Each structure stands twice: as C-alpha cells, then as structure tokens.
Amino acid sequence: MSVQLDAVIACTVTALIVISFAMYVRVTGSVRKPGPLQLAWEATATTARDLSHVSAPYRERAVSTAVTLFWFILAANWLPLLPGSPLPAPTANINMTIALATIVIVLVHATAWRARGARGYLRHYLSPLWLAPVRLLDELVKPVTLALRLFGVLFASGLVVAMLGALLPPPAALVPHVAWMIFDIFMGVIQAFIFALLTILYFNAAVPAGLDPAEPATEMRTR
Amino acid sequence: MIELPDSNFLLPDATALVEVVVFLVVLFVVSKFVLPRLHMLMNQRRHQIDDALHAAAEAEAEARARHDDAARTLRAARRQARLIIDHAYERHDHLVAEGRRKGREEYEWSTRNIIRTETRSHEVAGDGR
C-alpha cells in the first residue's frame with residue numbers, strides 16, 4: 001500500500017494550523033475581552049452543545065469531536081485558498097474523508113456500546129428483527145455517504161478551478177476564478193458544518209439523552 | 001489544482017491510516033487542552049453576566065425606591081408650602097384688616113380733633129367780637 005506524500009503533508013499542515021489556532025485561543029482566552037477567534041471557537045462549541053441531545057456522560061465526547069471536525073475540515077477546505085499555497089485541499093482526497101468518516105463511525109459505535117452495554121447495543125440495532133437488515137445497511141452506508149459527500153464537493157471544486165485555468169486564457173480566467181474562490185470560501189464553511197452536524201446527529205441517534213436511568217429524559221442540554 | 005493519481009483515485013490507501021493518526025492527535029489536543037478551558041471561560045463569563053444582571057436589578061429597585069422617596073418628599077414639601085402660603089394669606093388679610101381698622105380709628109380721631117379745634121376757634125373768635 002502506498003502513501004501519497006502531498007496528501008499527508010497537506011493533512012499535517014492542516015493539523016498544525018488547527019492546533020496553533022486552538023492553542024492560541026487557549027493561551028490568550030479571556031473572560032472580559034474575548035478576541036474574534038475565541039468568540040468563533042466559543043460559538044462553535046455552544047452550537048455543538050445546543051445541537052447535541054446526547055446522554056450527559058457522553059455529551060462532551062460528541063461536542064469535542066464535532067468541534068474538532070468542524071475546524072479541521074474548515075482548515076482543510078481553505079488550505080489551497082491561502083495566498084501562495086502549493087498544497088491541495090486534503091479533503092479533495094478520498095483518503096482524508098474516509099479517515100474522518102471512519103473515526104466518526106467508530107467513535108459513535110464505541111460510545112453506543114459503552115453506554116448501552118453489549119446486549120443493549122445489539123438490541124438497539126437488531127430490533128425489530130425484520131428491520132435489522134435495513135438498519136445494518138443504514139449503518140454501513142453512513143460512513144460512505146459522509147466521506148463521499150465531502151470528497152465529491154471538494155474534488156469537483158478543484159476540477160472546476162483546473163478547468164477554468166485550462167479553458168480560458170489567464171486574463172479572462174481571473175474573474176471566474178476569483179468568483180469561484182469566493183464561492184469556495186462559503187462552501188468550505190457549509191461542508192464543515194454539515195460534516196460536524198451529521199456527526200452530532202449520529203451521536204444523538206446512538207446515545208440519546210435519557211438513556212441513563214439517573215438522567216431525566218427531558219434534560220437535553222446544559223447551558 | 002488537483003492531479004489525478006495513476007491508480008483509482010476513489011480507492012483509499014495507506015494515506016488514510018496516517019491521516020487517522022493525525023486527526024486523532026488534533027482531537028486529543030482540542031478535547032484535552034482547549035475545550036475545557038473554553039468551557040471554563042464561558043462559565044466564568046456567564047457567572048459575571050448573571051452577577052451584573054443581578055446587580056443591575058438591585059440598582060434598579062434601589063433607584064425606584066429612591067424615586068418613590070423623592071416623590072413622597074416632594075408631595076410633603078408641596079403640602080407644607082401650601083400651608084405656609086395659606087398662612088401667609090391669612091396673615092396678609094389680618095394685617096390689611098388691622099391696618100384699615102387702625103387707619104379708620106386714626107382718621108376718626110383726627111377728624112374729631114380737627115372739629116374740636118375748629119369749634120374752639122369759633123368760640124374764641126365769637127367771644128372777641
């Protein structure tokens with residue numbers, strides 16, 4: 001099995017960017033005067049927490065996974081938009097999206113297994129028995145759709161940029177290229193949000209609030 | 001710009017495994033070091049805002065009480081002023097009536113004096129003739 005060095009480098013650079021920004025937020029975080037970056041991270045965390053109706057002991061895991069995914073995918077989507085960046089968007093490579101989707105699905109099922117126990121986990125997915133094949137198929141399709149949606153959008157975006165460069169002479173290609181870059185910025189946010197949102201929804205379905213008998217079913221969020 | 005690899009680009013390879021590790025490192029850093037701190041900062045800010053709202057509510061209640069006090073004091077002052085003015089009017093009327101009475105008495109006394117003096121003068125003049 002081969003390793004695509006440019007994809008690994010792009011992925012590592014993305015990781016370093018996210019970690020740098022995250023640590024910057026951690027170090028410079030302030031109660032009285034939060035900066036724009038801190039507010040953006042706080043907004044992401046609050047939105048994730050509001051959307052998650054996960055059982056309380058596992059809520060932070062769902063929230064941290066969704067927040068990390070959002071910023072990581074956003075950085076990956078915007079990586080080629082950085083001025084003079086020679087790196088491609090890591091999310092335009094199937095390996096990255098497959099990796100992220102696999103992590104999400106493994107985390108969701110591991111959390112569900114831990115929360116429900118082996119018997120409860122199997123009962124959740126296999127009952128009623130006549131619907132079990134459909135539910136199994138659904139669970140198998142989830143990571144594939146999650147990965148292919150992000151990959152398809154980013155790959156097509158890269159293709160459009162390549163086609164604009166190939167079909168139009170440089171001066172004429174400038175305007176559509178800039179317009180597409182603006183669209184790419186917007187699309188990068190949307191795709192990151194969708195991936196993070198679906199992650200939370202998978203957690204919500206696997207480990208819903210009220211699963212723990214000690215926890216009230218109506219309690220949905222901690223604010 | 002995307003360069004299509006020679007192999008089927010829709011099939012994952014060992015790159016995915018490396019990327020899984022890289023993402024797990026990011027997930028570890030964010031969930032262990034960043035989000036707890038952010039959570040703490042947001043909670044502190046929420047408490048500060050709650051405290052400030054509580055203090056504002058207390059200040060508003062105090063301001064309302066002081067406003068009521070001021071209105072009560074103003075009403076009492078107006079009532080007292082009215083009493084003083086009424087008393088002043090009464091005193092004024094009394095003084096005017098007293099002045100008139102004294103004036104009339106002085107007038108009558110002067111008139112009587114003049115008549116008496118005039119009568120005496122007439123009598124003296126009659127005796128001389």
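These are my notebook entries on what I looked up in this structure, which is a predicted model.

**Entry 1: chain A as a whole**

I began with the secondary structure of chain A, and I found six helices and zero strands there. Reading along the sequence, I wrote the pattern down as α-α-α-α-α-α. I then took the extent of the C-alpha trace, which spans about 65 × 50 × 30 Å along the principal axes of chain A. Chain A has 223 residues, and I noted that 37% of them count as buried. For the contacts in chain A with a separation of 6 or more, I looked up how many join distant parts of the sequence, and residues 24 or more positions apart account for 71% of them.

**Entry 2: how the helices of chain A pack**

I went through three helix pairs, starting with H1(A) and H2(A), whose axes come within 9 Å and cross at roughly 105°. An angle from 65 to 115 degrees counts as roughly perpendicular, and H1(A) and H2(A) are therefore described in that way. On the H1(A) side I listed Phe21(A), Tyr24(A) and Val25(A), which meet Leu37(A), Gln38(A) and Trp41(A) in H2(A). Sorted by class, this contact has five nonpolar residues, one polar residue and no charged residues.

The next pair was H2(A), residues 36-51, with H3(A), residues 56-78, and here I read an angle of about 135° with the axes 9 Å apart. That angle makes H2(A) oblique to H3(A). The crossing of H2(A) past H3(A) is right-handed. I noted Thr44(A), Ala45(A), Ala48(A) and Arg49(A) on H2(A), meeting Val63(A), Ala66(A), Val67(A) and Phe70(A) on H3(A). The contact of H2(A) with H3(A) comes to six nonpolar residues, one polar and one charged.

For H3(A) and H4(A), the axes come within 11 Å and cross at roughly 175°. Angles over 145 degrees count as roughly antiparallel, which is how H3(A) lies to H4(A). H3(A) brings Tyr58(A), Arg61(A), Thr65(A), Leu69(A) and Ala76(A) to this contact, while H4(A) brings Met96(A), Leu100(A), Val104(A), Leu107(A), Thr111(A) and Ala115(A). I counted the classes here as eight nonpolar, two polar and one charged.

**Entry 3: the nonpolar core**

Which residues touch the most other members of the largest nonpolar core? Of its 67 residues, I found these to be Ala66(A), Val67(A), Phe70(A), Phe72(A), Ile73(A), Val104(A) and Val26(B). At least two residues of the core come from each of H1, H2, H3, H4, H5 and H6 (170-206) of chain A, and likewise from H1 of chain B. The helix that gives the most to the core is H3(A), with 13 residues. I followed Ile73(A) further and, setting aside residues up to four places away in sequence, found that it touches Thr91(A), Leu150(A), Gln191(A), Ala192(A) and Phe195(A).

**Entry 4: where chain A meets chain B**

The contact takes 39 residues from chain A and 32 residues from chain B. On the side of chain A, H1 (5-28), H2, H3, H4 (94-126) and H5 (132-167) each supply at least two residues. H1(A) gives the most to this side, with 10 residues. I divided the residues of chain A that make up this side into 27 nonpolar, 10 polar and two charged.

**Entry 5: single residues**

Is Met96(A) buried or exposed? I placed Met96(A) in H4 of chain A, and Met96(A) counts as buried because it has 31 C-beta neighbours inside 10 Å, where 20 or more are needed. Beyond its neighbours within four places in sequence, Met96(A) is in contact with Ala7(A), Cys11(A), Ala76(A), Pro90(A), Thr91(A) and Glu19(B). Ala76(A) is 20 residues from Met96(A) along the chain, and I read 9.6 Å between their C-alpha atoms.

I then turned to Arg104(B), which sits in H1 of chain B, residues 15-128. Arg104(B) counts as exposed, because it has 10 C-beta neighbours inside 10 Å and the limit for exposed is 12 or fewer. From Arg104(B) to Asp69(B) I noted 35 residues in sequence and 52 Å in space, C-alpha to C-alpha.

My last check was a peptide bond, the one from Ser127(A) to Pro128(A), which is cis with omega near -5°. Pro128(A) lies in the loop between H4 and H5 of chain A.

Note on methods:
Residues numbered from 1 in each chain as written. Chains lettered and ligands numbered in written order. Predicted model: local features only at pLDDT ≥ 70, side-chain atom pairs only at ≥ 80, totals over all residues. Axes fitted to C-alpha atoms, helices over the stretch in contact; angles between N-to-C directions. Helix = DSSP H or I, 4+ residues; strand = E, 2+ residues; numbered from the N terminus. Parallel < 35°, antiparallel > 145°, perpendicular 65-115°, else oblique. Left-handed = near helix turned anticlockwise from the far one by under 90°. Contact = placed C-beta atoms within 7 Å. Nonpolar A, V, L, I, M, F, W, Y, C, P; charged D, E, K, R; others polar. Core = buried A, V, L, I, M, F, W, Y, C linked by C-beta atoms within 7 Å.
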